[in-house]
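Please explain this structure to a student who is new to reading protein models. Go from single residues to strands, and then on to the core and the pocket.

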Amino acid sequence: MTFNGNWKVDRSENYEKFMEQMGINMVKRKLAAHDNLKITIEQSGDKFHVKESSNFRTLEIDFTLGVKFDYSLADGTELSGSWTMEGDMLKGIFNRKDNGKQLTTTRVVQGDELIQSYNYEGVDAKRIFKRA
């Protein structure tokens, strides 16, 4: 499938401003900007296995499209939501457990890049990954 493979973060756009809007403190924002994030995605039909590996943690997630699950961000923010497929784009709608506010995430592959986009409270950001 399109998303299958190993991906390594290459660059970010407006990521610090996005993290600030999420309420992540300055020290954690500075560390996260240099987290050396690697993502491995394995898709089989509507089921996904994702391994996120960074300087700070390694996390493995299994999810099925359209099925709600809980997820914790690296800073400890707890979310609940689900991923769906819209054409060639994975779209995640998650709600924070602490304040109920919505975080929207999309993943799309363009050429040799995986573009992960975020929106939280009107602030957009992107992290662009290259095939590893």
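A residue is called buried when its relative accessible area is under 20%, exposed when that area is over 50%, and partly exposed in between. The model shown here is predicted, and the cut-offs just given can be applied to its residues one by one.

Take Glu113 to begin with. This residue is found in strand 9, which covers residues 113-120. Its relative accessible area is 16%, and because the limit for a buried residue is 20%, Glu113 counts as buried. The side chain of Glu113 is joined to the side chain of Arg11 by a polar contact of 3.0 Å. Leaving aside residues up to four places away in sequence, Glu113 touches Trp7, Arg11, Val108, Ile128, Phe129 and Lys130.

Gln116 has its place in strand 9 too. Is Gln116 buried or exposed? With a relative accessible area of 6%, Gln116 is buried. Two polar contacts of its side chain can be described. One is made with the side chain of Arg107, at 2.4 Å, and another, of 2.5 Å, joins the side chains of Gln116 and Tyr118. Not counting residues up to four places away in sequence, the residues that Gln116 touches include Ile39, Thr105, Thr106, Ala125 and Phe129.

Strand 9 leads on to its partner. Strand 9 and strand 10 pair in the antiparallel sense, over eight bridges. Within this pair, Gln116 has Arg127 in strand 10 as its bridge partner, and Arg127 is also among the residues that Gln116 touches. The two strands form a hairpin with two residues between them. Glu121 is found in the loop between strand 9 and strand 10. Which sign does the phi of Glu121 have? The value is positive, about 50°, although Glu121 is not a glycine. This deserves a remark because most residues other than glycine have a negative phi. Glu121 has a relative accessible area of 42%, so it is partly exposed.

Strand 10, residues 123-131, also pairs with strand 1 in the antiparallel sense, over six bridges. In that pairing, Lys130 of strand 10 is the bridge partner of Lys8. Strand 1 (residues 5-13) is in turn joined to strand 2 by four bridges, and these two strands run antiparallel. Here Trp7 stands opposite Ile39 in strand 2.

Strand 2 covers residues 38-44 and has two faces. Ile39, Ile41 and Gln43 make up the covered face, whereas Lys38, Thr40, Glu42 and Ser44 make up the uncovered one. Seven bridges join strand 2 to strand 3 (residues 47-53), and the two run antiparallel. Val50 in strand 3 is the bridge partner of Ile41. Strand 2 and strand 3 form a hairpin with two residues between them, and Gly45 in the turn has a positive phi of about 65°.

Ile41 leads from the strands to the interior. The largest nonpolar core has 31 residues, and Phe18 and Ile41 are those with the most contacts inside it. Apart from residues up to four places away in sequence, Ile41 touches several residues, among them Phe3, Trp7, Phe48, Val50 and Leu114.

Two loop residues come next. Asn36 lies in the loop between helix 2 and strand 2. Its phi is near 60°, a positive value in a residue other than glycine. With a relative accessible area of 29%, Asn36 is partly exposed. Asn25 is found in the loop between helix 1 and helix 2, and at 40% relative accessibility it counts as partly exposed. A polar atom of the side chain of Asn25 lies 2.9 Å from the backbone nitrogen of Lys28. Asn25 and Asp75 are 50 residues apart along the chain, and their C-alpha atoms are separated by 9.2 Å.

The last stop is the largest pocket, which has a volume of about 680 Å³. How many residues line the largest pocket? There are 32, and Tyr15, Arg57, Tyr71, Leu73 and Ala74 lie nearest its centre. Among the elements that give two or more residues to the lining are helix 1 (15-21), helix 2 (26-32), strand 3 and strand 9. Strand 9, where Glu113 is found, thus appears again at the end of the tour as one of the elements lining the largest pocket.

Key:
Residues numbered from 1 in each chain as written. Predicted model: local features only at pLDDT ≥ 70, side-chain atom pairs only at ≥ 80, totals over all residues. Heavy atoms only, no water. Buried < 20%, exposed > 50% of the residue type's maximum accessible area, 1.4 Å probe, protein only. Polar contact = N/O pair within 3.5 Å; in protein donor to acceptor, adjacent residues only side chain to side chain. Contact = heavy atoms within 4.5 Å. Core = buried A, V, L, I, M, F, W, Y, C linked by side-chain atoms within 4.5 Å. Pairing = 2+ DSSP bridges. 1 Å grid on protein atoms, 1.4 Å probe; cavity = no way out; pocket = protein on both sides within 12 Å on 5 of 7 lines; lining within 4 Å. Points joined across faces, edges and corners; volume = space filled by probe spheres on them.
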